[in-house]
Amino acid sequence: MDTASDTGLVVERRGIGGFFDALELDTRLVAMLAALAVIWVGFDVITGGIFLTPRNLWNLSVQTSVVGILATGMVLVIVARHIDLSVGSVLGFLSMVVAVLQVQYFPLGASWNWIVTVLCGLALGFCIGSFQGWWIAYRGVPAFIVTLGGLLVFRGLAWWVTYGTTVAPLDQTFQLLGGGINGSIGATWTWVVGLAGIAAMAFRTVTRRRRRAAMGFPVRALWAEIVVFAVLAAAIVGFVLVMNAYTRPRTDQSQGIPIPVLILIGVVLAMSWLVRSTRFGRYVWAIGGNPEAALLAGINVRRITLFIFGLVGLLAGLAGSVQTARLNAGASSTGELLELSVIAAAVIGGTSLGGGAGTISGAVLGALIMQSLQSGMVLVALPTPMQNIVIGAVLVVAVWLDNVYQRRRR
Amino acid sequence: MTTPLVEMKNISIHFGGIKAVDDVSIDLQPGEVVGLLGHNGAGKSTLIKILSGAYRATDGEIRVAGTPVTIDSPRDARTHGIETIYQTLALADNLDAAGNIFLGREIMTPWGTLDDGAMEQAARQVMKRLNPNFVRFKEPVRNLSGGQRQSVAIARALQFNARILIMDEPCAALGPQETRQVGDLVKRLKAEGIGIFLISHDLHDVFDLSDRVTVMKNGRVVGTCTTDSVSKDDVLGMIILGKLPSQLSSRDRELLQ
Ligand SMILES: Nc1ncnc2c1ncn2[C@@H]1O[C@H](COP(=O)(O)OP(=O)(O)OP(=O)(O)O)[C@@H](O)[C@H]1O
Ligand SMILES: [Mg+2]
């Protein structure tokens, strides 16, 4: 973006290019939205109008939440120039542990049961992630190898917990975490969440603008600010309308936002805050940008690395709980091949495998794209092996496109 | 003589079999500029990286203002007031100027979050002193020119009131105007009592700015001379031949012992 040259001279582009410059939009984001639109409309045409129904979009949002939660963590891993191939297996193992604790160790039906089991899942996830991170950061084994080992180890452990037996059914309240029949918040609360989101966005935009203006920094053109805000607000309203348009079976009661999606929104907000507003987030990006510079700046690269993997483990505990609740069962195969979707989501969402670049919101959008593809393929009844071929190809093409994009920017 | 700001005594460091720095002793007085010269691979960068905490010496002692100190990390060096402009600049390419200047020493809000506004403001101020043409504060430094990147690296060293400044090829990528500005800056800092190690291949700059020069060859010190007691040709001879010029004054010979 060569809008400002070194001498302070501002070269303004005219016409459509100038329009997009003033909006300060990421071209990559626009490309992602275009890809999403193509996938949605494409599948809608192929399936004869089934894809773009409230029911399917509602289900799509639930399916996206698991991959989305993990993808936010994968962004940090890849930004710091590592990789985590073990997330699917770790999720599977944690899913078994949560299910077994809930059904066999704690009294099923006790009101605290699901809370304690989820907390156990989160804590164990953090420990597992940190342990892998310790091998990577303090023992110098490449993340690729450590987590490739983890892929086998934790899938094996998932089986070992019950020798492969599926554990079901689970706690009633716990099942709400997965969406399911009653696992959404209804029309009124959906509107409350949506409007609160718009209000928060407006507040943030105004205060940010004021603060920058007060310090005498350049700000975005007012009309551009309003356009961006209006588009985002419209997206939120659209989301609310779609979620509310899907009704509970045989009633006209609106489902509203599913609880797993609410969890995903919470994770996205928390992770975005972590990335933007804390030292930890800043250091992760610095390490990705130039590991040597990070060391010379006195950053404890090892500790940060360990914590990144701990965080991914924690998110695997959360996503595992959601997935287990959705299946209403602990099965040792939960999350198989999930790591591929998660990595693909992060990469499609603009996380560069070269390290140092990526966004949380992009990764969630990537997760939505991946899940749209998968869900669409299920709708057109493509056999699973064929679906895997597509996912594999998409992963490779996404990385190639990232390379092309990075090279063009140089 | 007053107590030196820094003394590095009998410093050695080995990388595997290579003695990159071998029994080197140098010192620096307050308000003094010491130029470090030598061929490529002489060990200049390695020597100053020991002082800045990037490497740990295999042998030797470092004193700051007379007291022996251990510098095990860049953080240790910074707490002793040692700031470094690295030859490689050591910038995180994906962060903007303020992000780099404050890397590892961020300004925080009362709520313990990053105060990007305050950091950008401070960055604008320090840059105004250094390179008034610089306006691209929102860009990741990857998108800046070589000289602009160098300005950012210099700004980082200036931001935190260094007592001891290490400049490893600070002007390598700078244009003539910016080079002169760095020269002026060195003189100004010197007047404030800051001690500076200046590494440069530009003999002219070094002669202009330094009070003393130390020449290194193959990891060892060839000699240290006061700048006004030798000519450029003498120093060139030291760099190339690794020997002291024969007409060197006895005072300078004593400095070597
Ligand atoms: N991390 C390292 N591992 C192994 N050898 C190293 C390392 N760093 C430096 N060396 C070696 O130490 C010697 C001195 O290197 P140094 O970078 O200090 O040279 P220099 O005087 O700064 O050269 P230049 O003028 O090219 O910057 C070189 O032979 C180099 O190969
Ligand atoms: Mg060097």
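Biologist: Which residues make the nonpolar surface patch of about 330 Å²?

Modeller: This is a predicted model, and every value here is computed from it. One member of the patch, A:Ile46, lies in helix H2 (residues 27-46) of chain A. The full set making the patch is A:Ile46, A:Ile50, A:Leu379 and A:Val380.

Biologist: Is A:Ile46 buried or exposed?

Modeller: Exposed means over 50% relative accessible area. A:Ile46 has 62% relative accessibility, so A:Ile46 counts as exposed.

Biologist: Which residues coordinate the magnesium ion (ligand 2), and at what distances?

Modeller: Two side-chain atoms are involved, OG of B:Ser45 and OE1 of B:Gln87. B:Ser45 sits in helix H1 (residues 44-51) of chain B, while B:Gln87 belongs to the loop between strand E6 (82-85) and helix H3 (97-101), so the pair ties together parts that are 42 residues apart in sequence. B:Gln87 counts as partly exposed because its relative accessibility is 43%. The ion is thus held by B:Ser45 and B:Gln87 at 1.9 to 2.1 Å.

Biologist: How many disulfides does the structure hold, and which cysteine sulfur is nearest to that of A:Cys120?

Modeller: Over all chains the structure holds 0 disulfides. A disulfide needs two cysteine sulfur atoms within 2.5 Å, and A:Cys120 is in none, its nearest cysteine sulfur being 11 Å away. That sulfur belongs to A:Cys127.

Biologist: Are A:Cys120 and B:Cys171 buried or partly exposed?

Modeller: The cut-off for buried is under 20% relative accessible area. A:Cys120 has 28% relative accessibility, so A:Cys120 counts as partly exposed. B:Cys171 has 18%, so B:Cys171 counts as buried.

Biologist: Which residues is B:Glu7 in contact with, leaving aside its neighbours within four places in sequence?

Modeller: B:Glu7 is part of strand E1 (residues 6-15) of chain B. With 16% relative accessibility, B:Glu7 counts as buried. Its contacts, sequence neighbours within four places left aside, are B:Ile26, B:Asp27, B:Glu61, B:Ile62, B:Arg63 and B:Gly66.

Biologist: How many residues of helix H14 (residues 338-348) of chain A are buried?

Modeller: The buried residues of H14(A) include A:Leu338, A:Val342 and A:Ile348. After the helix comes A:Gly350, with a positive phi near 95°. H14(A) is mostly covered, and the number of buried residues is 10 of its 11.

Biologist: Which residues is A:Tyr405 in contact with, leaving aside its neighbours within four places in sequence?

Modeller: A:Tyr405 is found in helix H16 (residues 384-409) of chain A. Its C-alpha atom is separated by 19 Å from that of A:Ser361, 44 residues apart along the chain. Once neighbours within four places are left aside, the contacts of A:Tyr405 are A:Asp26, A:Thr27 and A:Arg28.

Biologist: What is the omega of the cis peptide bond that joins A:Ala168 and A:Pro169?

Modeller: Most peptide bonds are trans. The bond joining A:Ala168 and A:Pro169 is cis, and A:Pro169 lies in the loop between helix H6 (143-162) and helix H7 (172-175) of chain A. Its omega is about -10°.

Biologist: What is the phi of B:Asn161, and what is that of B:Asn218?

Modeller: Most residues other than glycine have a negative phi. B:Asn161 lies in the loop between helix H5 (146-158) and strand E7 (164-168) of chain B, and B:Asn218 in the loop between strand E9 (212-217) and strand E10 (220-226). B:Asn161 is exposed at 66% relative accessible area, and B:Asn218 is exposed at 53%. Phi is positive in B:Asn161, near 50°, and positive in B:Asn218, near 45°.

How values were computed: Residues numbered from 1 in each chain as written. Chains lettered and ligands numbered in written order. Predicted model: local features only at pLDDT ≥ 70, side-chain atom pairs only at ≥ 80, totals over all residues. Heavy atoms only, no water. Patch = residues over 30% accessible without salt bridge, like charges linked within 9 Å, V, L, I, M, F, W, Y side chains within 5 Å. Areas by Shrake-Rupley, 256 points an atom, 1.4 Å probe, with all protein chains shown as cover. Salt bridge = Lys/Arg side-chain N within 4 Å of Asp/Glu carboxyl O. Helix = DSSP H or I, 4+ residues; strand = E, 2+ residues; numbered from the N terminus. Buried < 20%, exposed > 50% of the residue type's maximum accessible area, 1.4 Å probe, protein only. Donors = N, O, S within 2.8 Å, 3.2 Å for Na, K, Ca; no water. Contact = heavy atoms within 4.5 Å.
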